[in-house]
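Me: Please take one close look at how the charged side chains are placed and paired here. I would like a slow, connected explanation that a first-year student can follow, with some of the surroundings described as well.

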Amino acid sequence: MTKEPVRILVVGGGYVGLYTALRLQRKLRQQIRRGDVQVVVVDPEPYMTYQPFLPEAAAGSISPRHVVVPLRRTLPHCQVVIGEVTGLDHQARVAHVETLATAEEGTGAVEVPYTELVLAPGSVSRALPVPGLADYGIGFKNVEEAIGLRNHVLEQLDIASSTRDPQVRDAALTFVFVGGGYAGVEALAELEDMARYACRYYHNLQPDDLRFLLVEASDRILPEVGAEMGRYALRELRGRNIDVRLETRLESCQKRIAALSDGSRHPTRTVVWTAGVKPHPVLVATGLPLDARGRLRCTAQLRVQDTDHAWSAGDAAAVPDLAAAEQGTPGAECAPNAQHAVRQARRLADNLAAVLEGGEPADYRHSYAGSVASLGLHKGVAHVYGRKLKGYPAWFMHRVYHLSRVPTFNRKARVLAEWTLAGLFKREIVSLGSLEHPRAEFELAAHTGRHPEGN
């Protein structure tokens, strides 16, 4: 009788999903080749997005295709399924997956059996019920949104340059960013750099005509880099005439007017929402134990609490921070950031491989190394291993750190080559907004009979 292979189902192809599968295919290479083990990765997209590079992709410093890591190419010994897990029956060890094929066939979700489950769906944008946000807000969570935002900003410059209506011009040149964390500050800083640079190519626009507004509900920005570096970043942004409003909330953006909690109103055609994330909603459908924030309760070994054959890490998991506890912070949990996610993924894969081979899993323990943040070209802040850096050294450290962390040598080489070329040539400031609607020109020709060869 043929023994059934052990099937490891990895839900999600982000930091945790990719790095877990990558390490499993290395550690279990012989078992996979013999057919004793199968690793199945399910994700709605065929690639992993390296999110720290999104601001530079939006600013044109990196090509969008180099911000993403193709799953099939990186995981040749794993089975990659492009689809979405909509529910689980963990008692029966079956996942319900909707794929592109099931959508075409109208057959509903298919059942994918598994032996071991790794839940790594990541997080989604936390959108609050702000009036008008769903109609006019722009997210900044994936590469499509980053490139869409770049195109949108450049299109606003075109609108402002060609209109005779001062109200339309002012609204087009006002850019509102909500959220003072990494995503908001880095996106604003990079796009502000790009937009002010682009003004030199418009005969009737000056950099001082642009107005950038950062709205943050707390009393500080970039809390991850510490209070001192956060204050430096605040001074740096305000020194560039960026209007930073602390302890302020966006209350409405209806009719293209950003109404803030301080009573001010700002006509704008651009509202970028980066005010935090929340665990992926699929976790609710798993029936596994969740904490008050909707994350999976996990042990230090990265097992789902009180649940056999289920593992998790990253944004979806509440993992005890043993290093913080040893330093006098009992009950602390690991922050949902890339630094922990990558290391947790490796520990998870090692533990899972050890269990399959009859060994014992080990605890995850990592002392937080610090944080780096870019404030635009040649500007940044860093707080790493107790050392505080700012300006060019921090910006250089930001690039070196993330270049070392982006998966695969292929992507490292391509990103480094683009940075080198960007230092030798001028910025690209071309808007390719039509890429978002590639069939528009053909549809117009087909419906109206307008054909170029007939003119």
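Reply: A residue is called buried when its relative accessible area is under 20%, exposed when the value is over 50%, and partly exposed in between (1.4 Å probe, protein chains only). This is a predicted model, in which local features need pLDDT of at least 70 and side-chain atom pairs count only at pLDDT 80 or more, while totals for chains, interfaces and linings use all residues. Residues are numbered from 1 along each chain as its sequence is written, and side-chain values use heavy atoms, with hydrogens and water left out.

Side chains of opposite charge can pair when their charged atoms come close. The whole structure, when searched, gives 16 salt bridges, each being a side-chain nitrogen of Lys or Arg within 4 Å of a carboxyl oxygen of Asp or Glu. One of them joins Glu 192 to Arg 196, with 2.3 Å from N to O. Both partners belong to helix H9, residues 182–198, where they stand four residues apart, or about one turn of the helix; helices (H or I, at least four residues) and strands (E, at least two) are DSSP runs numbered from the N terminus. Although they carry charge, both Glu 192 and Arg 196 are buried.

Another bridge connects Arg 245 with Asp 262, at 2.7 Å from N to O. Arg 245 sits in strand S13 (residues 243–245) and Asp 262 in the loop between strand S15 (257–260) and strand S16 (265–267), so this pair ties together parts that are 17 residues apart in sequence. The two partners differ in cover: Arg 245 counts as buried because its relative accessibility is 19%, whereas Asp 262, at 40%, is partly exposed.

A third example pairs Glu 333 with Arg 295, whose side chains meet at 2.4 Å, N to O. This pair links distant parts of the chain, 38 residues apart, with Glu 333 in the loop between helix H11 (322–326) and H12, and Arg 295 in the loop between strand S18 (277–279) and S19. Glu 333 has a relative accessible area of 41% and is therefore partly exposed, while Arg 295 has a value of 3% and is buried. Beyond separate pairs, salt bridges that share partners join Glu 192, Asp 193, Arg 196, Glu 236, Arg 240 and Lys 379 into one network.

Some charges gather at the surface instead. Arg 26, Arg 29, Arg 33 and Arg 346 form a positive surface patch. Patches are made of residues with over 30% relative accessible area and no salt bridge, with like charges joined within 9 Å and nonpolar side chains (Val, Leu, Ile, Met, Phe, Trp, Tyr) within 5 Å; Lys and Arg count as positive, and the place of an Arg charge is taken as CZ. Within this patch, Arg 346 belongs to helix H12, residues 338–356, and counts as partly exposed because its relative accessibility is 31%. A nonpolar patch of about 310 Å² is made by Tyr 392, Phe 396 and Val 400, with areas from the Shrake-Rupley method using a 1.4 Å probe. Val 400 lies in helix H13, residues 392–405, and its 44% relative accessibility makes it partly exposed.

Two residues in the loop between S19 and S20 deserve a look at their backbone. Most residues other than glycine have a negative phi. Leu 302 nevertheless has a positive phi of about 70°; this residue lies between strand S19 (296–297) and strand S20 (310–312) and, at 0% relative accessible area, is buried. His 309, placed in the loop between S19 and S20, has a positive phi of about 65° and is partly exposed at 27%.

Helix H1, residues 15–27, gives a contrasting picture of cover, as ten of its 13 residues are buried, including Tyr 15, Leu 18 and Gln 25. Its end C-alpha atoms are 18 Å apart, which agrees with the 18 Å that its 13 residues should span, since the expected span is 1.5 Å times one less than the number of residues.
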